[in-house]
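Colleague: Got a minute? I'd like to go through this model with you before I head back to the bench.

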Amino acid sequence: MDARQTVIRRLDEKVVNRIAAGEVIQRPANAVKELLENSLDAGATSITVSIKFGGLKLLQILDNGHGIHKDDLEIVCERFTTSKLKEFDDLKAISTFGFRGEALASISHVAHLSIVSRTPNTQCSYKASYLDGRLKEKPKPTAGNVGTQITVEDLFYNVPTRQKVFKSPSEEHQKIANVITRYAVHNSGISFTLRKLDGETALSKGVSVKTQAGATCIENIASLFGRSVGGELIEVLQEDKPFKLKINGYVSNANCSMKKMVFLLFINNRLVECSGLRQALNAVYQAYLPKGGHPFVYLSLKMDANNLDVNVHPTKHEVRFLHEEAVIESVQTAVDAALLKCDSSRKFYTQK
Ligand code: ADP
Ligand code: MG
């Protein structure tokens, strides 16, 4: 055997980028979350997502936000290009959703990506297509309204191992619908639409999530989760000064009991998971609900960005923050207080 036979080879740059991108975007719903956040960052009031084959064949998002300038279209898909962060210290103060400049770049490494966008001060839209983070050719003028349309086709076409993971497009559709539903509740007033462009029957085709511009949060919860939830909500509104924590949202009362807990959690306007908080809140409800019953909980927490680790990996939905136990306790107390108040007011009412 040749002792000098080497086994370590440098991977091709494209392959490296593809692997990195596959970690940021693991499934269509991750891409949808990133694209929704971009539209919201751009100040959109109307956002429409259209999908085919669970978003794997086609994922298109149209918004009426402030658009992307023609000159920015040239670099928007390179890694670490962003209009939202200049210095590392800005991470601390960042209030917009995106900050890494990685989402569009990642998508362009694992899908065919094109952008049509128009800013308010231009007469027409510009269309640009990307491959592996690079613009394919100079942006071309085209007709269109102010805002941005992003089209993602054949997601993971060049990552066969990823493709194999997706067994059912309807499961991916459901995950996308979940993400849009949550953002729609949290951003009431903005109209969200999810359209499924393919389907065997007329019924399986069409709009699957829809909220109206100007609708209230309660109206959105009722239309997305049903009247049985929407009619039994109590408001939570509390401020915990020592931790600079603001808690607000809507939770179901003792009349509403679900088979599984529905928990929508936003921290500083970002959709996140926090299993510790989920369990703690479910436990609060055990005193109010029949055995085996679970609540609906939508909470928006605002906390000092210094207490929050925003620099977590995009696919790590599980959030981390300082003083976690104290924060969880504070939220538990706020929800319990809201439930107690509503319980006693009901008793008071029936006694009269
Ligand atoms: P980030 O959101 O972290 O900045 P992205 O890759 O998601 O990174 O987006 C890169 C840049 O593209 C954003 O900073 C923004 O300037 C621009 N952009 C992306 N999507 C939109 C959109 N829908 N409307 C306006 N600008 C957008
Ligand atoms: Mg972004």
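Modeller: Sure, we can start with the overall fold and then go through helices, sheet and loops.

Colleague: Is this predicted or experimental?

Modeller: It's a predicted model.

Colleague: OK. How many helices and strands does the protein chain have?

Modeller: The secondary structure comes to 11 helices and 14 strands.

Colleague: And what share of the residues counts as buried?

Modeller: Of the 352 residues in the protein chain, 34% count as buried. As for contacts, take those between residues at least 6 apart in sequence: 67% of them join residues at least 24 apart.

Colleague: Let's do helices. How many residues of α5 are buried?

Modeller: Helix α5 covers residues 103-110, and 8 of its 8 residues are buried. They are Ala103, Leu104, Ala105, Ser106, Ile107, Ser108, His109 and Val110.

Colleague: What covers the buried residues of α5?

Modeller: The cover includes two helices, α1 (13-24) and α2 (28-41), plus the strands β3 (112-118), β4 (125-131) and β7 (147-153).

Colleague: While we're at Ser108, how far is Gly133 from it in space?

Modeller: Their C-alpha atoms are 5.4 Å apart, with the two positions 25 residues apart in sequence numbering. Gly133 lies in the loop between β4 and β5 (134-135).

Colleague: Is Gly133 buried or exposed?

Modeller: Gly133 is buried, because 21 other C-beta atoms lie within 10 Å, and the cut-off for buried is 20 or more.

Colleague: Back to α2. At what angle do α2 and α7 pack?

Modeller: About 25°, with the axes 8 Å apart. That is under 35 degrees, so α2 and α7 are roughly parallel to each other. Their crossing is right-handed.

Colleague: Which residues make that contact?

Modeller: From α2 you have Pro28, Ala29, Val32, Lys33 and Leu36, and from α7 Glu172, Lys175, Ile176, Val179, Ile180 and Tyr183. By class, the contact of α2 with α7 has 8 nonpolar residues, 3 charged ones and no polar ones.

Colleague: What about α7 and α8, are they parallel or antiparallel?

Modeller: Helix α7 (residues 169-186) and helix α8 (residues 217-225) pack at an angle of about 155°, again with a stated axis distance of 8 Å. The cut-off is over 145, so α7 and α8 are roughly antiparallel.

Colleague: Who touches whom there?

Modeller: Thr181, Ala184 and Val185 in α7 meet Cys217, Asn220, Ile221 and Leu224 in α8. The contact of α7 with α8 has 5 nonpolar and 2 polar residues, and no charged ones.

Colleague: Which strands does α8 lie across?

Modeller: β10, β11 (245-252), β12 and β14, and α8 runs at about 45° to β11.

Colleague: Good, so tell me about that sheet. What's the strand order?

Modeller: It's an open sheet of 5 strands in the order β10-β11-β14-β12-β13, and the pairing is mixed. β10 (233-240) and β13 each have a single partner strand, so they stand at the edges and one side of each is left without a neighbour in the sheet.

Colleague: Remind me what holds strands together in general?

Modeller: Strands of a sheet pair through backbone hydrogen bonds, in either a parallel or an antiparallel way.

Colleague: Then how does β14 run relative to β12, parallel or antiparallel?

Modeller: β12 and strand β14 (residues 296-303) run parallel, joined by 6 bridges. Phe266 has Ser300 in β14 as its bridge partner, and Ile267 stands opposite Leu301 in β14.

Colleague: And how many bridges join β11 to β14?

Modeller: There are 7 bridges, and β11 and β14 run antiparallel. Asn248 has Ser300 in β14 as its bridge partner.

Colleague: Switching to loops. Where is Asn268?

Modeller: Asn268 is in the loop between β12 (262-267) and β13 (270-271). Asn269 is found in the loop between β12 and β13 too.

Colleague: What's the phi of each?

Modeller: Asn268 has a phi near 45°, which is positive in a residue other than glycine. Asn269 is not a glycine either, and its phi is positive at about 70°.

Colleague: Why do they count as partly exposed?

Modeller: Asn268 counts as partly exposed because it has 18 C-beta neighbours inside 10 Å. Asn269 is partly exposed because its count inside 10 Å is 17. Buried would take 20 or more, and exposed 12 or fewer.

Colleague: Great, that's what I needed. Thanks!

How values were computed
Residues are numbered from 1 along each chain as its sequence is written. Chains are lettered from A and ligands numbered from 1 in the order in which they are written. This is a predicted model: local features need pLDDT of at least 70, side-chain atom pairs count only at pLDDT 80 or more; totals for chains, interfaces and linings use all residues. Helices (H or I, at least four residues) and strands (E, at least two) are DSSP runs, numbered from the N terminus. Axes are lines fitted to C-alpha atoms, for helices over the stretch in contact, and angles run from 0 to 180 degrees between N-to-C directions. Angles under 35 degrees count as roughly parallel, over 145 as roughly antiparallel, 65 to 115 as roughly perpendicular and the rest as oblique. Two residues are in contact if their C-beta atoms, placed from the backbone, lie within 7 Å. Ala, Val, Leu, Ile, Met, Phe, Trp, Tyr, Cys and Pro count as nonpolar, Asp, Glu, Lys and Arg as charged, and the others, Gly among them, as polar. A crossing is left-handed if the near helix is turned anticlockwise from the far one by less than a right angle, and right-handed if clockwise. Two strands pair if DSSP finds at least two bridges between them.
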